[in-house]
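Please walk through this model, beginning with a single loop residue and then moving by way of a strand and a helix to the chain as a whole.

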Amino acid sequence: MLTIGRFAPSPTGSLHFGSLLAAAASYLAARQAGGRWLLRIEDLDKPREQPGATADIIRTLGEFGFCWDGEILYQSQRTAAYQQALSALASHTYPCTCSRKDLQQHAHVGEFGLIYPDTCRDQTHTDAPHAMRLRTDDEAVCFTDLIRGHYCQRLHKEVGDFVVRRADGLFAYQLAVVVDDAFQGVNQIVRGADLLDNTPRQCWLQHLLGYPQPSYAHIPLAVSENGQKLSKQNLAPALDTHKRLETLVSALHFLGQTCPEADAFGSLNAFWDFAIQQWDMSKVPRVQALSYTN
């Protein structure tokens with residue numbers, strides 16, 4: 001089977017070192033397997049999108065030597081597909097009129113955030129503004145992560161019924177990512193460990209929609225000295241395209257790979273040829289996060 005991987009950034013700001021780690025790990029895993037690597041822009045949440053961020057992301061990836069296959073997929077152009085999937089889930093969903101304040105007052109806090117308390121679970125129709133939630137149960141949803149090993153959640157107990165379409169009409173990340181991965185034939189997902197606990201929800205959706213389940217690998221997060229995840233929200237510095245080889249070598253070292261220093265490579269192509277040949281998923285540290293200082 002042809003391996004198909006992907007990188008799917010949100011255009012909420014410029015790419016940073018944490019973004020580069022996810023891009024590089026997914027790229028190397030797909031390319032070493034002789035597979036395809038796709039680029040998808042997850043631009044569903046227009047209010048959070050930063051002007052010019054999409055063009056900046058695409059340009060930066062190109063400047064770092066990433067080569068994606070096929071056309072770029074934009075989630076903002078896929079709403080009909082998400083609606084079709086939501087319709088297919090009709091027997092598993094219900095309208096939820098709970099506000100954020102309601103949830104903060106009545107929901108218990110679990111390891112993965114607020115656990116929905118089933119307030120609207122028996123509701124079948126409402127004319128009030130509402131989100132759509134997906135019913136879960138307490139059967140263990142398990143998968144084997146290629147880095148972190150066996151992982152399970154009992155969704156109803158640990159997460160609760162979760163939102164698949166928001167009250168403002170926007171489709172939720174969990175639904176959109178599952179629909180798009182199936183549409184693009186993605187069968188290998190390599191991404192940051194902050195998304196590990198999302199994976200059982202996505203496996204549950206795949207099961208209900210009859211989609212195949214990809215393989216998953218969750219790489220460590222890069223965190224600052226004070227333990228903050230490098231992210232756009234935390235104002236992580238944008239990638240410096242003047243230090244491309246140095247930054248790429250740092251990314252490989254962070255991912256546990258053996259790699260000479262930047263001056264050993266005469267070009268970006270030489271770096272990528274080496275990195276693809278030497279990539280070893282088993283060397284990636286099996287931890288949630290590692291400290292990184294620029």
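**From one loop residue to the whole chain**

Aspartate 118 counts as partly exposed, because its relative accessibility is 25%, and partly exposed is the class that lies between buried, under 20%, and exposed, over 50%. The model in which this residue is seen is a predicted one. In the chain, aspartate 118 sits in the loop that runs between β6 (113-115) and β7 (131-134). Its backbone deserves a second look, since aspartate 118 has a positive phi of about 70° although it is not a glycine.

The loop leads on to β7, and from there to its partner. β7 pairs with β4 in the antiparallel sense, over four bridges, and within this pairing arginine 133 of β7 is the bridge partner of tyrosine 94. How do the side chains of β4 (residues 93-96) point, and are they buried or exposed? Thr93 and Pro95 point one way from the strand, while Tyr94 and Cys96 point the other way, and all of them are buried. In a regular strand, side chains alternate between the two faces of the sheet.

A helix can be read in a similar manner. Helix α7, which spans residues 199-209, is mostly covered, with nine of its eleven residues buried. The buried residues of α7 are Thr199, Pro200, Arg201, Gln202, Cys203, Trp204, Leu205, Gln206 and Leu209, a list that includes the charged residue Arg201 as well as Trp204. After α7 comes glycine 210, whose phi is positive, near 75°.

These elements belong to a protein chain whose secondary structure comes to nine helices and 14 strands. For its 294 residues a compact globule would have a radius of gyration near 19 Å, and the 20 Å of the protein chain agrees with that value. Taken along the principal axes, the C-alpha atoms fill a box of roughly 65 × 40 × 35 Å. Buried residues make up 51% of the 294 residues, and of the contacts in the protein chain with a separation of 6 or more, 77% are accounted for by residues 24 or more positions apart.

The outer side of the chain can be described in terms of area and charge. Its accessible surface comes to about 14,100 Å², and 49% of this belongs to carbon and sulfur atoms. The protein chain carries 26 positive and 31 negative charges, and the mean positions of the two sets are 2 Å apart.

Notes
Residues numbered from 1 in each chain as written. Predicted model: local features only at pLDDT ≥ 70, side-chain atom pairs only at ≥ 80, totals over all residues. Heavy atoms only, no water. Helix = DSSP H or I, 4+ residues; strand = E, 2+ residues; numbered from the N terminus. Buried < 20%, exposed > 50% of the residue type's maximum accessible area, 1.4 Å probe, protein only. Pairing = 2+ DSSP bridges. Rg over C-alpha atoms; globule rule 2.2 N^0.38 Å. Contact = heavy atoms within 4.5 Å. Areas by Shrake-Rupley, 256 points an atom, 1.4 Å probe, with all protein chains shown as cover. Charge placed at Lys NZ, Arg CZ, Asp CG, Glu CD.
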